[in-house]
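Got the model open in your viewer? Let's walk through it stop by stop.

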Amino acid sequence: MRNHFFKIIVLTIQILLVSSFFVNAQGMPEKKQRIVFPVVPVIFEYEFAPQYFSQWIENHPQYSKIEVIIEEDETLEIALTEKEGGKRVFYSNSEEAVKSLQGEGKEAYLAKIDFKMTQAVDRQANYGFGFLDKHRQPILWRVIPASRPSERGRELIPSAWADGLRLEYRNLATAVGAGTAIQIGEKVIEAEPWKEISSPPYFVAYRGTVAVGRHLGTLHLGTKRWSVTKQPEELKKGAEWIMTDESGSKRTLRIVSDHQNELVIDEVNPPGGKNSLLRLVVYLTPQGYNLRAAEIKSRRQDMRIKFEPELPLQTSDAAKFEGKFIISQGENKSSASGSIFAEQMGGKLLLKWQPDSPSWAKSRMLESIIHFEPNGYSIETRQVGK
């Protein structure tokens with residue numbers, strides 16, 4: 001969702017710095033100044049939802065899940081997951097949100113969304129949503145929480161089933177309750193019982209979620225290529241890079257601080273006019289460049305990846321590095337942690353991310369191969385363990 005799901009992850013962001021060379025008047029290569037460009041070595045997304053609702057949809061030919069985010073200004077954002085292919089299609093009552101989602105390469109539509117919240121005295125609120133999907137099919141969804149969202153639902157959700165590394169953390173949460181149902185066209189589908197987490201007769205859960213403060217960060221598998229279409233002549237405050245991917249989408253990165261050999265690099269002017277989405281903190285040393293931390297921002301929350309010790313990003317071909325990474329999401333200061341290994345070999349860099357916490361993530365080891373090109377880089381991320 002908006003900003004949302006910023007192709008992420010998470011979990012691993014670093015910046016590799018590559019020297020640029022200039023040509024002198026005689027046409028001979030001359031190293032004028034070491035200029036670098038930032039490399040994000042995984043395909044990642046991060047999304048924060050102030051209020052979040054979901055229901056799994058059973059036995060429907062088109063859709064397998066519905067999700068809704070209610071923002072603090074009551075902007076609504078809905079995602080329907082298509083059963084075939086698993087693509088999420090987005091709907092919002094905000095033109096700004098739709099432009100932002102489309103700028104991220106997502107399929108998104110501006111829609112009139114009817115929303116109603118009803119609450120009796122001393123009772124949990126119930127919610128209703130209504131809109132037309134891209135096929136002009138009416139979608140009506142009634143959400144009845146099983147209980148009030150509470151700290152009992154504060155947890156990192158085990159996601160060993162997902163490709164890549166998926167980290168979902170909820171500040172306060174509960175399941176949906178009896179009576180939760182979605183109507184798609186003429187077909188009504190009630191939420192299925194969730195026996196695994198139910199404790200009848202005190203707590204009876206159905207397959208869906210109501211959360212206050214939901215964080216979702218993902219390291220995706222796949223390939224990506226970025227070209228540098230503009231780079232600065234000096235590494236100083238205000239200097240900018242413009243990066244363009246294979247689809248033509250642009251990312252502008254600006255040095256916002258250059259204090260005492262530390263560069264803070266922010267993404268600026270992202271699609272849809274949002275605030276900074278990506279922040280990289282880099283430390284310059286006599287030996288090269290080290291990454292201290294990387295942050296992904298969404299709706300004024302962030303996911304932060306910290307490296308201990310700092311991750312060196314320029315080494316000789318034979319050099320190897322082993323360190324630790326720690327991932328935090330909002331108030332959760334350790335969503336995941338593990339070891340990171342780096343090895344530079346000729347024109348490519350091999351990175352291995354081995355989670356050791358939480359325990360279910362140990363099987364989610366990732367390997368990223370970054371190939372450096374004259375004016376950019378490509379990255380391929382794959383699952384090593386499962």
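The tour goes from a sheet to some salt bridges.

This is a predicted model, so local features need pLDDT of at least 70, side-chain atom pairs count only at pLDDT 80 or more, and totals for chains, interfaces and linings use all residues. Residues are numbered from 1 along each chain as its sequence is written, and side-chain values use heavy atoms, with hydrogens and water left out.

**The sheet.** Start with the open, mixed sheet of 8 strands, ordered β7-β6-β5-β4-β3-β15-β12-β11. Strands are DSSP runs of E, at least two residues, and helices are runs of H or I, at least four; two strands pair if DSSP finds at least two bridges between them. Select 108–110 and 155–157 for the edge strands, β7 and β11.

Now pick 88–92: this is β6, which runs parallel to β7 and is joined to it by 3 bridges. Tyr 91 sits opposite Tyr 109 in β7. Add 95–103, helix α1, which packs on the sheet and touches β5, β6 and β7 (contact means heavy atoms within 4.5 Å).

**Salt bridges.** The whole structure has 29, each a side-chain nitrogen of Lys or Arg within 4 Å of a carboxyl oxygen of Asp or Glu. Select Arg 300 and Glu 72, whose closest N and O atoms are 2.3 Å apart. These partners are 228 residues apart in the chain.

Next, show Arg 304 with Glu 295, another salt bridge at 2.3 Å, N to O. Buried or exposed: which is Glu 295? Glu 295 counts as buried, because its relative accessibility is 10% (buried is under 20%, exposed over 50%, partly exposed in between, with a 1.4 Å probe and protein chains only).

Notes: Axes fitted to C-alpha atoms, helices over the stretch in contact; angles between N-to-C directions.
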